[in-house]
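Trainee: Could you walk me through the empty spaces and the greasy surface in this one, and tell me how each label is earned?

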Amino acid sequence: MIRWLFAILGGILLGGVVHLVSVLALPRIASQDAYARLAPTLKLNAVTALPEAAPGTAPMPFMDPAFAAAACKYDLSNGSIKLRVPVSQAYTSVSFYTNEDIAYYAINDRSAGRKVIELDLMTSQQKAALPEDEDITAADRLIIESPTPTGLIVMRALAPEPGLMPQAEAALAAASCKVQAEVSQPKQR
Amino acid sequence: MRLIFVLILAMAIATVVGLGLTWNTATRGVEIGTLTIGPWTARPRIGTSDIDPYARATVARSGELPIGAGDGITFRATTDDAGKKLDGRCDVVVSGVTPPARFWTLTIYDTKGKLIANTLQRYGFTSQEVVRASDGSFSVRIAPRARSGNWLPTGGISRYLLLLRLYDTPVGVATRSKKDAPLPSISTAGCS
């Protein structure tokens, strides 16, 4: 009798452990997460427009239908990424996700404060390797550190009314996301 | 021989309890780090690197991309103010004011996060297109059949979700109560 009680109690305790382990493991083993859904449709280190958020075409759940969206799947192993997104009339934002869907950084047009959002994305090693005497650092460029070498950049432009959707799409179509040539050579002066 | 049966029972209980809990929490979500104001709930940390493991599991399971914290915040509602589940066969009225934000959108989804097809291609309202009263408040009527004013069609499905997204807003990790973030009320006005 006691033995069966132990079995049940032990089973419940062990169940707690199984629960914790499986919650922590879920983001790694999920095969239908946003990155897995989007990655096959995207070109590497280039901007691809995402299908319109409408019934039947939305590539992932809970997309905001008032936004035009484009994404860039990046891989930083061949150098840092330079991202340029012209802002649309209403509202534009750029969000950075790791390959496990963690939104580690997001910025909107107002906090970027310009007509074009310009960002450099690099790993912490690449940032550390930047020449320090570079007089154009910080002030001119916004540098984002990616916690993982691969991930997603999602650009979104709001169409406040359905008729403004073509404008929002056009702003994103002019966005660019490309690998920068290694800039580690000494400066020529 | 008996020991083996005991062990098998313990393992079986562990598997059922552990995976059951995980499935349940990843599907429904847990109240860790959530901000609840009336029927609306938000997870202010979901769009940051500090996202908790339960929220990560939910995100991985549903396949959505959370809105980054520098972009905005999402409030979800599955019930009205009285706690009644939102029913697409009823008239539901969302009315009042929204917290300070440059833009907001109110969107209706089915329980899987898909938009509900309709001939008007009307899936939600943005803060700019919604028709307001003279005091700046608004009222959106969510109903299966056409209504005057701001009408959001449900297609007659039984359960749905409302998502209120605020973009470029001070509402976030520091928000605690309704005083900081006055959200619109949701009420069921009658079922057909």
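Mentor: Let's take the cavities, then a pocket, then a surface patch. This is a predicted model, where local features need pLDDT of at least 70, side-chain atom pairs count only at pLDDT 80 or more, and totals for chains, interfaces and linings use all residues. Residues are numbered from 1 along each chain as its sequence is written, chains are lettered from A and ligands numbered from 1 in the order written, and side-chain values use heavy atoms, with hydrogens and water left out.

Trainee: What makes a space a cavity, and how many cavities of 30 Å³ or more are there?

Mentor: On a 1 Å grid over the protein atoms alone, a cavity is a set of points where a 1.4 Å probe fits but cannot get out, whereas a pocket is an open set with protein on both sides within 12 Å along at least five of seven lines. By that rule there are 2 cavities of 30 Å³ or more. The largest cavity has a volume of about 140 Å³, a volume being the space filled by probe spheres set on the points, which are joined across faces, edges and corners. Its 14 lining residues (an atom within 4 Å of a point) include A:Met60, A:Phe62, A:Met63, A:Asp64 and A:Arg156, the closest to its centre.

Trainee: How do you know what classes of residue line the largest cavity?

Mentor: Ala, Val, Leu, Ile, Met, Phe, Trp, Tyr, Cys and Pro count as nonpolar, Asp, Glu, Lys and Arg as charged, and the others, Gly among them, as polar. That sorts the lining of the largest cavity into 11 nonpolar, no polar and 3 charged residues. The second largest cavity, about 30 Å³, has 4 nonpolar, no polar and 3 charged; A:Glu100 and B:Arg56 are among its lining residues.

Trainee: And what lines the second largest pocket?

Mentor: That pocket holds about 390 Å³ of space. Of its 21 lining residues, the closest to the centre are A:Pro65, A:Pro162, A:Met165, B:Gln121 and B:Tyr123. The lining divides into 11 nonpolar, 5 polar and 5 charged residues.

Trainee: Why is A:Leu14 called partly exposed?

Mentor: Buried means under 20% relative accessible area and exposed over 50%, with partly exposed in between (1.4 Å probe, protein chains only). A:Leu14 has 35%, so partly exposed is the right label. A:Leu14 also joins A:Val17, A:Val21 and B:Met11 in a nonpolar surface patch of about 340 Å². Such patches take residues with over 30% relative accessible area and no salt bridge, with nonpolar side chains joined within 5 Å and like charges within 9 Å. A salt bridge is a side-chain nitrogen of Lys or Arg within 4 Å of a carboxyl oxygen of Asp or Glu.

Key:
Areas by Shrake-Rupley, 256 points an atom, 1.4 Å probe, with all protein chains shown as cover.
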